[in-house]
Amino acid sequence: MSKIRLGVLGGGGDSLIGVLHRVASFMYDRYEIVGGVFNPNYDENIKFAKQIGISTERVYENFEKFINEEAAKPESERMEAVSVLTPNFLHFPMAKKLLENGFNVICEKPLTTSLEEAKELEALQKKNNTIFAVTYTYTGYPMVREMKNMIANGIIGEIHKVDLQYYQGWINPVIHDKEKRSKVWRLDPKKAGISSCIGDIGTHIFNMVEYVTGMEVKELLSDLNTLYDDNPLDIDGSILIRMSDKVKGLLRASQIATGDENNITVAIYGRKGALKWEQENPNYLYFLKDDEPRRLIKPGNVYNTDVSLDGTKLPAGHPEGIFDAMGNIYKGVAKALRGEKSFSGEFPTIYEGVRGMMFIEKVVESNKKGNVWISMENQ
Ligand SMILES: NC(=O)c1ccc[n+]([C@@H]2O[C@H](COP(=O)([O-])OP(=O)(O)OC[C@H]3O[C@@H](n4cnc5c(N)ncnc54)[C@H](O)[C@@H]3O)[C@@H](O)[C@H]2O)c1
């Protein structure tokens, strides 16, 4: 079967996330990167294309040229999917034009900078019936998928408490210096949107709690911190959530958790047992019970669920990580693009992207209104 022709927007040599997507796309031999706009500077763009060994023929000066020329190509040649890896404010204009021209899209989170834009993209995607993935990377880990399946199969019983954390410390050395702060796009509302911490990382654990439990957050109450009055965006937040009358918990996110790196923890407590997972040690899933010592579940074993095994490439005991998690999301998209059988939840869809934007807006609204409960029901 021919490889999927993939275009890439952003994700240049100067980017954080570009390498993750490139490696992920190559991982299962399903895609071939055929062009894109990696960088707003054309020379850098060409230099980077040569560096990663792709032909410069379809490396464009800007997005306008990209869309005009790619959309004009016959179907047999045009890119079949395009990854949008630019800073947040460019996701909407790029994804909108891509959808209008019938492209399948793999878009970084947060989907847009407002819920309204996100809904507009969702309506376009439904109209054109294209594939649209939003890369909440962490749902690609085999042990996260194992956890989702164990919960769906009733192994921990009825859930009664959820507790998720995403703590980073990288903004701590930046935030106290106005000059340094002004250079970070994640702290600029024009580029990041209405939130820094919640938009950038809180949205990951919000998606994670809905993914692993199969339930939706119904209401939330937030308390955000900007640390300085002249810093317009949150860099820390604690959020109480209710998923039903009896399923409650919290989401905690911070970019000023001094010394923390990428400290995501997920704890789901049920009547019969609990599951605990940590992103910095992603091959270990702990199963806790009242009346037995805790069990350690690892990937690549005969006891694992099919979806977890499908996302594990090497025999048990060979650690796989974040690149592999993103690889699994790209694999899920490849199956959808080629109409192959797949497991449910193999890649986050535009629906999850819209939920993520609703989460960001409601968290900011709750904080602004004086830390009050806000409904998260789909409107
Ligand atoms: N899924 C995850 O876990 C994860 C992790 C990190 C970042 N992200 C998301 O990925 C996106 C990019 O984040 P990043 O940290 O890589 O940002 P970055 O600033 O490191 O990189 C952005 C890239 O986009 C390029 N770019 C900027 N304007 C462009 C334009 N007009 N046309 C083409 N390219 C352009 C830049 O040159 C750079 O290569 C953000 O939306 C962020 O939220 C997701």
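How many Å separate the centres of domain 1 and domain 2, taken over C-alpha atoms? In this model, which is a predicted one, the figure is 26 Å, and the domain assignment behind it gives domain 1 as residues 4–137 and domain 2 as residues 142–314 together with 349–368. Where the two domains meet, 20 residues of domain 1 and 19 residues of domain 2 take part in the contact. On the domain 1 side, helix 5, residues 115–128, and strand 5, residues 132–134, each contribute at least two residues to the surface that touches domain 2, and the largest share, six residues, is from helix 5. Sorted by class, that side of domain 1 holds twelve nonpolar residues, five polar ones and three charged ones.

Let me turn to the first of the sheets I want to describe. It is an open sheet of five strands in the order 2-1-3-4-5, and the pairing is parallel. Strand 2, residues 31–37, and strand 5 are at the edges with a single partner strand each, so one side of each has no neighbour in the sheet. If direction is ignored, neighbouring strands in this sheet are turned against each other by 20 degrees on average.

I would like to spend a little time on strand 3, which covers residues 81–85. Strand 3 runs parallel to strand 1 and is joined to strand 1 by five bridges, with Gly7 standing opposite Val82 of strand 3. Towards its other partner, strand 3 makes four bridges to strand 4, residues 104–107, again in a parallel arrangement, and here Ala81 stands opposite Asn104 of strand 4.

Are the residues of strand 3 buried or exposed? Five of its five residues are buried, and this holds on both faces, with Ala81, Ser83 and Leu85 on one side and Val82 and Val84 on the other. From strand 3 the chain passes through helix 4, residues 91–100, to reach strand 4, and this β-α-β crossover is right-handed. Helix 1, residues 18–27, also packs on this sheet, where it touches strand 1, strand 2 and strand 3, and its direction makes about 150 degrees with that of strand 2.

Now to the second sheet, which is also open, and in which nine strands follow the order 13-12-11-10-6-9-8-7-14 with mixed pairing. The edges here are strand 13, residues 295–297, and strand 14, and each has a single partner strand, so that one side of each is left without a neighbour in the sheet. Strand 11, residues 274–278, and strand 12, residues 285–288, run antiparallel and are joined by four bridges, and within this pair Trp277 has Leu285 of strand 12 as its bridge partner.

Two helices can be placed against these strands. Helix 6, residues 142–152, lies across strand 10, strand 11, strand 12 and strand 13, running at about 165 degrees to strand 11. Helix 13 lies across strand 7, strand 8 and strand 14, and runs at about 70 degrees to strand 7.

Finally, some details of the backbone deserve a look, and a general reminder helps here: most residues other than glycine have a negative phi, and most peptide bonds are trans. Between Lys109 and Pro110 the peptide bond is cis, with omega about -15 degrees, and Pro110 sits in the loop between strand 4 and helix 5.

Which loop holds Asn129? Asn129 is in the loop between helix 5 and strand 5, and its phi is positive, near 55 degrees, although the residue is not a glycine. Asn129 counts as exposed because 7 other C-beta atoms lie within 10 Å of its own, where the cut-off for an exposed residue is 12 or fewer.

Asn371 likewise has a positive phi, about 65 degrees, without being a glycine, and its place is the loop between helix 13, residues 350–368, and strand 14, residues 374–375. With 13 other C-beta atoms within 10 Å, Asn371 is partly exposed.

Conventions
Residues are numbered from 1 along each chain as its sequence is written. This is a predicted model: local features need pLDDT of at least 70, side-chain atom pairs count only at pLDDT 80 or more; totals for chains, interfaces and linings use all residues. Domain bounds come from an automatic or database domain assignment. Two residues are in contact if their C-beta atoms, placed from the backbone, lie within 7 Å. Ala, Val, Leu, Ile, Met, Phe, Trp, Tyr, Cys and Pro count as nonpolar, Asp, Glu, Lys and Arg as charged, and the others, Gly among them, as polar. Two strands pair if DSSP finds at least two bridges between them. Axes are lines fitted to C-alpha atoms, for helices over the stretch in contact, and angles run from 0 to 180 degrees between N-to-C directions. A residue is buried if 20 or more other C-beta atoms lie within 10 Å of its own, exposed if 12 or fewer, and partly exposed in between; C-beta atoms are placed from the backbone. A crossover is right-handed if, with the strands pointing away from the viewer, the path from the first strand over the helix to the second runs clockwise.
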